[in-house]
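This report describes one protein chain for a reader who has not met it before. Please keep the sequence and the model in view while reading.

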Amino acid sequence: MTKRKLSDFELNKENPFAKQALVNIGSALVSKSVKGTNKDESAILKAVDGNGEILGNSVFIRNKAVDTESFAKFFLAGFKAFFDLKPASIKVFKYILGQLKPNQDSFMFFMDECKEETGYSEVSILRALGELCSAEIIARGIAVIEYYI
């Protein structure tokens, strides 16, 4: 990984990682058929004619509680980039994770908040942002505070 200053990286009007991410997602998708169990059969209404032939059916969908905690999806192929990062870059990335919003590939970076959370100087944070850009974990957006992930 080549160390570069944040200012060495170009500004982007759109996420430079998006096209490759779609390729990665597309190649990872698989389709599976799951055989229903007797337990599942109890939730199916069947319309049967006089000869016992099934004419159609309806399925009831059950609501299931899900974890509402925040999470970010990070592809394993990109995970190897973290092994060469300095501790400051990892701590700045932790701040970035807190800025992420569901279903968005960009985030706003607020220097004062990051300084407060990490305890680092602006120079150290800029160096960490440069390292994260060099590792292709984040990319600069068109505005000074906008970044892509």
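On one side of helix α5 (residues 111-118), away from its buried residues, Asp-112 and Glu-116 are exposed. Exposed means over 50% relative accessible area, buried under 20%, and partly exposed in between, with a 1.4 Å probe and protein chains only. Helices (H or I, at least four residues) and strands (E, at least two) are DSSP runs, numbered from the N terminus. The model is predicted: local features need pLDDT of at least 70 and side-chain atom pairs count only at pLDDT 80 or more, while totals for chains, interfaces and linings use all residues. Residues are numbered from 1 along each chain as its sequence is written, and side-chain values use heavy atoms, with hydrogens and water left out.

The buried residues of α5 are Met-111, Cys-114 and Thr-118. Seen down the helix axis, these buried residues fall within an arc of 65°, so they line one face of α5. The arc is that of the directions from the helix axis to the C-beta atoms. The buried residues of α5 pack against α4 and α6. After α5 comes Gly-119, which has a positive phi near 80°.

Helix α4 covers residues 87-99; at 1.5 Å a residue its 13 residues should span 18 Å, and the end C-alpha atoms are 19 Å apart, which agrees. The expected span is 1.5 Å times one less than the number of residues in the helix. Buried in α4 are Ser-89, Val-92, Phe-93, Tyr-95, Ile-96 and Gln-99. Viewed down the axis of α4, its buried residues fall within an arc of 155°, so they line one face of the helix. They pack against β3, α5 and α6 (122-134), where contact means heavy atoms within 4.5 Å. The face of α4 turned away from its buried side carries the exposed residues Pro-87, Lys-94 and Gly-98.

What joins the side chains of Glu-117 and Lys-94? The two meet in a salt bridge, at 3.9 Å from N to O. Glu-117 lies in helix α5 and Lys-94 in helix α4, so the pair ties together parts that are 23 residues apart in sequence. A salt bridge is a side-chain nitrogen of Lys or Arg within 4 Å of a carboxyl oxygen of Asp or Glu. By this rule the count comes to 1 salt bridge. Side chains of opposite charge can pair when their charged atoms come close. Glu-117 is partly exposed, with a relative accessible area of 41%, whereas Lys-94 counts as exposed at 54%.

Two residues that are not glycine have a positive phi, and both are placed in loops.

| Residue | Phi | Place | Relative accessibility |
|---|---|---|---|
| Asn-103 | about 60° | loop between α4 and β3 | 84%, exposed |
| Glu-136 | about 60° | loop between α6 and β4 (139-140) | 59%, exposed |

Strand β3 (residues 106-108) includes Met-108. At 39% relative accessibility, Met-108 counts as partly exposed. Together with Phe-110, Val-144 and Ile-145, Met-108 forms a nonpolar patch on the surface, with about 360 Å² of accessible area in total. Patches are made of residues with over 30% relative accessible area and no salt bridge; like charges are joined within 9 Å, and nonpolar side chains (Val, Leu, Ile, Met, Phe, Trp, Tyr) within 5 Å. Accessible areas come from the Shrake-Rupley method with a 1.4 Å probe, and for residues only the protein chains shown count as cover.

Is Leu-6 buried or exposed? At 10% relative accessibility, Leu-6 counts as buried. Leu-6 is placed in the segment before α1 (18-28). Its C-alpha atom is separated by 6.4 Å from that of Leu-126, although the two residues are 120 residues apart along the chain. Leaving aside neighbours within four places in sequence, Leu-6 is in contact with Leu-126, Leu-129, Gly-130, Cys-133, Arg-140 and Tyr-147.

Last come the totals for the protein. It has 6 helices and 5 strands, which run α-α-β-β-α-α-β-α-α-β-β from the N terminus on. Of its 149 residues, 25% count as buried. The protein exposes about 11600 Å², of which carbon and sulfur atoms supply 55%. Among contacts with a separation of 6 or more, residues 24 or more positions apart account for 59%.
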